[in-house]
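Q: Please take a close look at one part of this model and describe it in detail. Then set it in the context of the rest of the structure.

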Amino acid sequence: MLEKTQFDWDLVRRYDTRGPRYTSYPTALQFHDGFTASDYEEQARLGGASRPLSVYIHIPFCEHLCFYCACNKIATRNRSRASEYLGYLLREIDMRSRLFSAGRCIEQLHFGGGTPTFLTSSQLGEILDALRKWFDFAHDAHGDYSIEIDPRTVSARDMRALRNLGFNRVSFGVQDFDAAVQAAVHRIQPPAQTLAIMEASRDAGYRSLNVDLIYGLPKQSVASMCETLGRVVDAAPDRISLFNYAHLPDRFPAQRRIHDQDLPDAEEKLDMLRASVEMVTDAGYVYIGMDHFALPGDELAQARKAGTLHRSFQGYTTHAGCELIGYGVSSIGYTGRCFSQNSHGIREYQDCIDHGRLPIARGVVLDEDDVLRADVINRLMCFGILDLPAIERHYGIDFKQYFGPELDRLDELQSDGLVRVGRDRISVTGPGWMLVRNICASFDRYLPEHRTDRFSRTI
């Protein structure tokens with residue numbers, strides 16, 4: 001049984017380094033352009049014909065440019081671009097889906113971006129209809145069909161239309177309600193507008209509401225975070241995601257419009273995190289792990305308790321065992337034993353489709369060691385426990401011989417009370433849950449090859 005999360009802020013301060021988020025292993029830094037569409041087609045044939053599917057659709061357009069955003073997006077108000085993109089997306093769905101057995105069941109679907117509702121409800125319906133030509137959808141009570149929402153761009157009527165299309169989960173981008181913070185990041189979003197759309201979503205019958213928040217933004221303070229969180233907690237979304245702002249202006253040009261002197265320092269950010277975590281957990285939310293909180297009755301909280309949680313590019317999920325198919329620019333998928341990613345640029349994406357090729361830009365085929373380490377890292381991220389004899393039986397290894405150097409790296413973490421290493425199991429302690437990325441990094445064979453500044457901070 002996993003241990004209850006404890007927040008030891010002295011340890012958090014000491015271990016606040018940079019490292020992967022482990023939404024995949026190997027991480028995206030191991031993807032390479034030597035991986036081709038032919039490799040993908042071969043791996044798709046190796047995938048299990050009876051395995052359920054998780055589908056990700058990337059819509060790259062936004063009406064407004066948010067300065068903090070590190071997503072692959074295009075800021076425009078030209079709606080004709082959406083129509084053109086939709087045509088290519090439907091062609092990709094037809095090209096890629098034929099590689100998979102007809103009638104396989106989609107259990108999880110997520111529209112991300114960008115702002116997916118840049119497309120009209122009718123256009124979104126065309127995408128869903130295209131998927132239904134190839135695949136079945138799980139019943140509404142079992143399937144998770146989610147869409148990211150910019151509350152500034154939708155109405156109560158839009159939310160009802162999306163629910164009628166089949167979406168049953170919705171994620172709201174909020175970040176911070178403070179006016180000065182919103183001005184600094186170029187995202188003016190009145191609280192009343194957001195809260196009204198959340199209420200309209202409940203009235204429309206969505207099964208789950210999530211709110212995304214960011215700490216460490218310019219002009220932000222402990223007081224502004226607490227004010228925002230107070231309003232969010234009062235609205236009682238089923239889930240809250242609390243992300244650390246990673247300021248990487250060399251990689252993301254929009255972030256160059258954020259003034260360094262407006263950013264809180266490392267100690268202030270830690271104070272924001274501490275106050276936020278205490279406020280959210282005092283309100284009854286369960287810490288799921290890696291920035292995520294959920295009400296006790298939510299499926300994520302129940303899966304964490306039952307030991308059935310899973311982690312993928314779509315974050316924590318209750319749908320383990322799915323193959324992931326990504327459609328649209330820069331989308332990532334996992335099928336057979338490979339990760340693949342589509343072209344990042346829209347012109348490259350369209351050019352591939354015009355020439356009858358899948359728009360795959362890079363990827364990686366996992367070897368036996370990758371598969372083993374991916375399993376170990378996922379178990380730590382989700383369950384907090386490694387049953388060593390079970391892993392040895394499944395993979396035919398002697399764990400302590402195979403992972404000798406990794407166990408040595410765990411010595412310091414064990415001395416600080418973050419993990420317990422026993423004869424038959426390794427377990428994450430209560431204080432270790434906040435630093436589980438650091439623990440998982442001990443099993444990452446590729447990490448020494450990478451510059452750590454390519455990653456966000458672990459806290």
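A: **A loop and its surroundings**

Y22 is located in the loop between α1 and α2; helices (H or I, at least four residues) and strands (E, at least two) are DSSP runs, numbered from the N terminus. The model is a predicted one, in which local features need pLDDT of at least 70 and side-chain atom pairs count only at pLDDT 80 or more, whereas totals for chains, interfaces and linings use all residues. Residues are numbered from 1 along each chain as its sequence is written, and side-chain values use heavy atoms, with hydrogens and water left out.

The backbone of this loop deserves attention. Phi of Y22 is near 55°, a positive value in a residue other than glycine. Y22 counts as buried because its relative accessibility is 4%; buried means under 20% relative accessible area, exposed over 50% and partly exposed in between, with a 1.4 Å probe and protein chains only. P26 belongs to the loop between α1 and α2 as well, and a cis peptide bond with omega of about -5° joins Y25 and P26. Most residues other than glycine have a negative phi, and most peptide bonds are trans.

The aromatic contacts lead outward from the loop. The structure holds 14 aromatic pairs; rings of Phe, Tyr and Trp (its six-membered ring) pair if their centres lie within 6.5 Å, and planes under 30 degrees apart count as stacked, over 60 as edge-to-face and the rest as tilted. The ring centres of F31 and F339 are 5.9 Å apart and the planes meet at 20°, so this pair is stacked. F31 lies in the loop between α1 (9–14) and α2 (37–46), and F339 in strand β16 (residues 338–342), so the pair ties together parts that are 308 residues apart in sequence. Both partners have little accessible area: F31 is buried, with a relative accessible area of 6%, and F339 counts as buried at 7% relative accessibility. Elsewhere, F403 and F443 form an edge-to-face aromatic pair, 5.4 Å centre to centre, with 80° between the planes. The pair ties together parts that are 40 residues apart in sequence, because F403 lies in the loop between α14 (399–402) and α15 (404–415) and F443 in the segment after α16 (436–441). F403 and F443 are buried.

To return to the loop's partner, F31, F313, Y334 and F339 form one aromatic cluster. Strand β15 (residues 332–335) and β16 are paired in the antiparallel sense over 4 bridges; two strands pair if DSSP finds at least two bridges between them. Within this pairing, I332 stands opposite Q341 in β16. The hairpin of β15 and β16 has 2 residues between the strands, and G336 takes a positive phi near 60° there.

Further along the chain, Q350 is part of helix α11 (residues 346–354). Q350 counts as buried because its relative accessibility is 11%. Neighbours within four places in sequence aside, Q350 is in contact with E84 and Y88, where contact means heavy atoms within 4.5 Å. R96 lies over the face of Y40, at 4.9 Å from the ring centre; a charge sits over a ring if NZ of Lys or CZ of Arg is within 6 Å of the ring centre and within 35 degrees of the ring normal. A similar arrangement places the charged end of R132 over the ring of F137, 4.9 Å from its centre.

The nonpolar interior completes the picture. The largest nonpolar core has 117 residues, and those with the most contacts inside it are I57, F111, F399 and F443. Helix α3 (residues 80–97) gives the most to this core, with 7 residues. A second, separate core of 10 residues includes C66, V185, Y245 and I258. A nonpolar core is a set of buried Ala, Val, Leu, Ile, Met, Phe, Trp, Tyr and Cys residues joined through side-chain atoms within 4.5 Å. Leaving aside neighbours within four places in sequence, the contacts of F111 include I57, I59, L124 and F167.

Other backbone features may be set beside those of the loop. A cis peptide bond with omega of about 20° joins G113 and G114, and G114 is placed in the loop between β4 (105–113) and α4 (121–132). Q175, in strand β7 (residues 169–175), has a positive phi of about 75° although it is not a glycine. Q175 counts as buried at 9% relative accessibility.
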